[in-house]
There are 2 protein chains.
Amino acid sequence: MVKSKETESHIHDAARSVFLAKGYDGARMQEIADEAGINKALLHYYFRSKDKLFESIFQEAFSKIVPQLFTLLTGSFTLREKLGGFIENYIRVIAENPFVPGFILHEMNRNPDRIVSMLSASGIQPAMILGALSQELEKNNVYVPDPRHLIVNLLALCLFPFAGRPIIQGFLFGGDKEAYEVFLSERAEIIKEFVFKSLGI
Amino acid sequence: MVKSKETESHIHDAARSVFLAKGYDGARMQEIADEAGINKALLHYYFRSKDKLFESIFQEAFSKIVPQLFTLLTGSFTLREKLGGFIENYIRVIAENPFVPGFILHEMNRNPDRIVSMLSASGIQPAMILGALSQELEKNNVYVPDPRHLIVNLLALCLFPFAGRPIIQGFLFGGDKEAYEVFLSERAEIIKEFVFKSLGI
DNA sequence: AGTATCTTTGACCACTTGGTTAAACCAAAT
DNA sequence: ATTTGGTTTAACCAAGTGGTCAAAGATACT
């Protein structure tokens, strides 16, 4: 009883690390059990099936990364503050969960319907975010043909350095891990400057 | 003999479609055989193992997407032409192979060493590209603290809309496939404007 | 102590997986 | 017509897969 909660969280930790690293198809229940230091049967005692366990991990990952979109709306005064706050916040959250972007990017391809239903279940209203952003841009006399491109640009600039780490680190940094970490730590400032200049704000 | 080449390309086509859609771990040799309209044993007759077959597909995908980086160097006169040419060219190539970015992004995590060795085997010199880009920026009086950020920005802006299609299409376009295709067709122009403005050129 | 409930395990199962093999097939050369 | 070479197949195999089960350990309550 006391121990059960602990075991459950051990399992969850193990499952997270294995699923995030290898994806659903590449993950093995035995490996998760090993990493949790328990028997494979106990895995099924706590989470009835691989799907159930995966679903739990996926939801957790999803909830870490997607609701952050709301920070695009937080009540800052200037457009710069709003966008800058979003970028800083988003980069910080992802830096704490660096494997989540790649994980979700891959897994949503295996089941695109789920991501759609999770988005609607999360209560996020794209029209609302989009509307608020449009209004804010207008107020600041920033003309963009379609604010959706701006949102995609923001997401791309924030997420890609994490999702594509192996290539970038290998190609531009000769595999130097520390150098790439420095690079990542500079990203928020770089992106802010990049975006602000392109919007003329 | 005549037929063998044809069969081999059928297999290759089938393997490409299955591997790109499901990744190495999610792909099944039986499914590839089915899609190629042949027996599973014949698969092993042409490509000795799943690994061999996969390697062939991965190399093909890699060669489609990575060497395009060289277009950053092509002999255009202005910086705008160079960057604009790269963006247009890259978007066009990816649009023809829309599943390649997500595929590589995922598979390189399963085997980061391979991507490193493939990069060096491809003869691409990061220092050369980086140096040429730096020089060009300087010549145009564009100051950027680190040109690597610019390269990552370019790649992010071009690749992410394809790799992250399900989320974006689901979230910003209500799942409307046609609307998203229009959106994608606008990307090259949008990215060019976005980048040029941010660089002040 | 005894017992009822939850937790943990080793052994096991049905099924799928990548891969093999021996034989059949088939076109071209003799 | 027979041989020869590459091509194709059905049947098969060992290893691994997710999942189950009955029994053994704990734990708390009476």
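**Exercise 1. Place H12(B) in its chain and list what H12(B) touches beyond its sequence neighbours.**

Solution. Start with the contacts (heavy atoms within 4.5 Å). Leave aside neighbours within four places in sequence; H12(B) is then in contact with F47(B), S56(B), I57(B) and E60(B). Next, the element: H12(B) is found in helix 1 of chain B, residues 2–26. Helices are DSSP runs of H or I with at least four residues, strands are runs of E with at least two, and both are numbered from the N terminus. Last, the accessibility: H12(B) has a relative accessible area of 16%, so H12(B) is buried. Buried means under 20% relative accessible area, exposed over 50%, partly exposed in between (1.4 Å probe, protein chains only).

This is a predicted model: local features need pLDDT of at least 70, side-chain atom pairs count only at pLDDT 80 or more, and totals for chains, interfaces and linings use all residues. Residues are numbered from 1 along each chain as its sequence is written, chains are lettered from A and ligands numbered from 1 in the order in which they are written, and side-chain values use heavy atoms, with hydrogens and water left out.

**Exercise 2. Is E8(A) buried, partly exposed or exposed? Which residues does E8(A) touch?**

Solution. Take the class first. E8(A) counts as partly exposed because its relative accessibility is 31%. E8(A) sits in helix 1 of chain A, residues 2–26. Now drop residues up to four places away in sequence: E8(A) touches Y46(A) and F47(A). Finally, a distance. H106(A) is 98 residues from E8(A) along the chain, and their C-alpha atoms are separated by 26 Å.

**Exercise 3. Describe the make-up of chain A.**

Solution. Count the elements: 11 helices and zero strands. Then the extent: the C-alpha trace spans about 60 × 40 × 30 Å along its principal axes. Chain A has 201 residues, and 51% of them are buried. For contacts in chain A, keep those with a separation of 6 or more. Residues 24 or more positions apart account for 65% of these.

**Exercise 4. What operation superposes chain B on chain A?**

Solution. Begin with the general form. Two copies of a chain are related by a rotation about an axis and a shift along it. Here the rotation is 180°, the shift along the axis is 0.0 Å, and the RMSD is 0.0 Å. The fit is by least squares on the C-alpha atoms of residues with pLDDT of at least 70 in both copies. That is the relation of a two-fold axis. In chain B, the C-alpha nearest the axis belongs to S198(B), 1.9 Å from it. The same surface serves both copies: 100% of the contact residues of chain B recur in chain A.

**Exercise 5. How many residues does each chain give to the contact between chain B and chain A, and what area is buried?**

Solution. Count residues: 48 from chain B and 49 from chain A. Then the area. Buried area is the accessible area (1.4 Å probe) that two parts lose on being put together, summed over both. The value between the chains is about 4,600 Å², and carbon and sulfur atoms give 77% of it. In chain B, H149(B), F171(B) and F194(B) lose the most area to chain A, together 16% of what that side buries.

**Exercise 6. Which residues are closest to DNA strand D, and which phosphate contacts can be listed?**

Solution. Near means that a heavy atom of the residue lies within 4 Å. By that rule 18 residues surround DNA strand D; the closest are R28(A), K40(A), K50(A), S4(B) and Y46(B). Sugar and phosphate account for 56% of the strand's atoms that come within 4 Å of the protein. Now list polar contacts to the strand (pairs of N or O atoms within 3.5 Å). An N or O atom in the side chain of R28(A) is 2.6 Å from a phosphate oxygen. For Y46(B), a polar side-chain atom lies 2.8 Å from a phosphate oxygen. A27(A) uses a backbone N or O atom, 3.5 Å from a phosphate oxygen. Last, the elements: helix 3 of chain B gives the largest share of this surface, four residues.

**Exercise 7. Which atom of DNA strand C does a polar side-chain atom of K40(B) approach?**

Solution. The partner is a base oxygen, 2.6 Å away from K40(B). A polar backbone atom of M29(B) lies 3.2 Å from a phosphate oxygen of the strand. Helix 3 of chain A gives the most to the surface near DNA strand C, with four residues.

Methods: A polar contact is a pair of N or O atoms within 3.5 Å; within protein, one must be able to donate a hydrogen and the other to accept it, and residues adjacent in sequence count only if both atoms are side-chain atoms.
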